[in-house]
Amino acid sequence: MRIVFLGTPDFSVSCLDALIESKHDVVAVVTQPDKARNRMVVSFSPVKEEALKHGIKVLQYDKIRVQGVQDLKDLNPDLMVTCAYGQIISQEILDIPKYGVINVHASLLPKYRGSAPIQWAILNGEKETGITIMQTALGVDSGDIILQEKVAIKENETAGELFDDLAKIAPSVLMKAIDLIESGKATFTKQNESEATHFPMLSKEDGHINWNEDGQKIINKIYGLNPWPSAYSMLDGKLFKIYKARFIEGNSSEFGKILDNRVSCKGGYIELQEVQIEGKRKMDISEFTRGFDLNGKVLN
C-alpha cells in the first residue's frame, strides 16, 4: 500500500521505521514545522530526521487542514497513519485515503484520550496501559478501535521508561492492524463513551509537590513526571527536583520537613533517592548529602 505517515516526536520513530522496513511504500512523511531552539538554532523533529535519512519526502504545515489537502490528494495514498502528529485533521483529509486514516495511541482507549497519556496513567496509579490502533475520526481519539495490546506498568516505572516500553511494542501492533485492514479482516469496535477519560496537557507547574497530599500520590507524581517536567519543591529558595523516591507509611507531622532524608507527608514519609538542586547535576541522595545537609530543612 501507498502510505503517508504523520508524526513528530521520538515515540513516532519506531512506527515509521517499521513501515519503511515493510512491504509498503511510505510515499511521504508529514511532521510539525521546524522550531528555533537555543541560540536560535533550528531543529528538526525526530520524525523528520528519520525520514530524511531514508530519502523520504517530508511535508510540514502550520495548519495541515488548510495547507495540506491538495498535497495529500496528489500523493494518492491508500492509507494514512498518524502517531503523535500534533495537529487536528479535517474530514476532507480523512476522506482522501482508500482505507482511511488510522492512529497509534499510547493508552487503552477510551481511557486517556488526548495528550500525555503515558504520564497521566502513572500519575493516576494505573497498573496497566497499552497501545491502541484506532480509525481516526473528527473527535479527539474517539474513533473505532481496530486493535489493542496491554502493557503492565511496573512498580516505580518512570514515564520515560514506560515511553520506551510502549514505543517497542507499537510497531508490531500497527503492522498487525495494517495487515488486517489490507486483507479485509479488520473489525472496528466503537468506543464506550461512558468510559472515556481525557486529561489536559502537562506544564512545568504540574510538577510542584504538595506535601499535604497522600504519599502514594506524591510518588506517582515523581515517577509520572520523570523525565519531564519533573516533580519539584523549593529548598532555600532554589528549585529542588526529585527523580526517584519511595513511600514509607507511618505517622507524620510538619509536612514537608526533612529528617534523615525522609520528607514528612500525609500518611508517612517520602524517602529521597535521586535529586537535583538548581545549578547542580542530578545526584544519588547519598552523594548529594555529602555536600548538603538536609536535616531540618523544609520543602515547599
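This report walks through a predicted model, starting with a sheet and ending with a pocket.

## The seven-stranded sheet

Let's begin with an open sheet of 7 strands, arranged in the order 5-2-1-6-7-8-9 with mixed pairing. Strand 5 (58–60) and strand 9 (145–152) are at the edges; each has a single partner strand, so one side of each is left without a neighbour in the sheet. On average, neighbouring strands here are turned by 20° against each other, direction ignored.

Helix 7 (residues 159–183) packs on this sheet, where it touches strand 1 (2–7), strand 6 (79–83), strand 7 (101–105), strand 8 and strand 9. The direction of helix 7 makes about 155° with that of strand 9.

## Strand 6 and its partners

Have a look at strand 6 next. Strand 1 and strand 6 pair in the parallel sense, over 5 bridges, and in one of these pairs leucine 6 has threonine 82 of strand 6 as its bridge partner. Strand 6 also runs parallel to strand 7, joined to it by 3 bridges; here methionine 80 is partnered by valine 101 of strand 7.

Which way do the residues of strand 6 point? Leu79, Val81 and Cys83 point one way, while Met80 and Thr82 point the other way. This fits a simple pattern: in a regular strand, side chains alternate between the two faces of the sheet. Strand 6 is mostly covered, with 5 of its 5 residues buried.

## Strands 8 and 9, and the loop between them

Strand 8 (residues 128–135) and strand 9 run antiparallel, and 7 bridges join them. You can find one such pair at glycine 130, whose bridge partner in strand 9 is lysine 150.

Threonine 136 sits in the loop between strand 8 and strand 9. Is threonine 136 buried or exposed? Its relative accessible area is 18%, and because buried means under 20%, threonine 136 counts as buried. Leaving aside its neighbours within four places in sequence, threonine 136 is in contact with Thr82, Leu94, Val101, Ile102 and Asn103. Two of these names may look familiar: Thr82 is the partner of leucine 6, and Val101 is the partner of methionine 80.

## Strand 14 and its pairings

Further along the chain, strand 14 (residues 268–277) pairs with strand 11 (residues 238–249) in the antiparallel sense over 9 bridges. Within this pairing, lysine 241 stands opposite glutamine 276.

Strand 14 also takes part in two hairpins. Strand 13 (residues 262–265) runs antiparallel to strand 14, with 4 bridges joining them, and valine 263 has isoleucine 270 as its bridge partner. There are 2 residues between the strands of this hairpin, in which glycine 267 takes a positive phi near 90°. Strand 15 (residues 283–284) pairs with strand 14 in the antiparallel sense over 2 bridges, and methionine 283 is the bridge partner of valine 275. In this hairpin 5 residues lie between the strands, and glycine 279 takes a positive phi near 90°.

## Helix 1 and the largest pocket

Helix 1 (residues 10–21) has 12 residues and reaches 18 Å from its first C-alpha to its last, close to the expected 16 Å. Its buried residues include Phe11, Val13, Leu16 and Leu19.

Helix 1 also helps to line the largest pocket, giving two or more residues to the lining, as do strand 6, strand 7, helix 6 (117–123) and helix 7. This pocket has a volume of about 1,600 Å³. How many residues line the largest pocket? There are 47, and Pro9, Ala84, Tyr85, Gly86 and Ser115 lie nearest its centre.

How values were computed
Residues are numbered from 1 along each chain as its sequence is written. This is a predicted model: local features need pLDDT of at least 70, side-chain atom pairs count only at pLDDT 80 or more; totals for chains, interfaces and linings use all residues. Side-chain values use heavy atoms; hydrogens and water are left out. Two strands pair if DSSP finds at least two bridges between them. Axes are lines fitted to C-alpha atoms, for helices over the stretch in contact, and angles run from 0 to 180 degrees between N-to-C directions. Contact means heavy atoms within 4.5 Å. Buried means under 20% relative accessible area, exposed over 50%, partly exposed in between (1.4 Å probe, protein chains only). The expected span of a helix is 1.5 Å times one less than its number of residues. On a 1 Å grid over the protein atoms alone, a cavity is a set of points where a 1.4 Å probe fits but cannot get out, and a pocket is an open set with protein on both sides within 12 Å along at least five of seven lines; lining residues have an atom within 4 Å of a point. Grid points are joined across faces, edges and corners, and a volume is the space filled by probe spheres set on the points.
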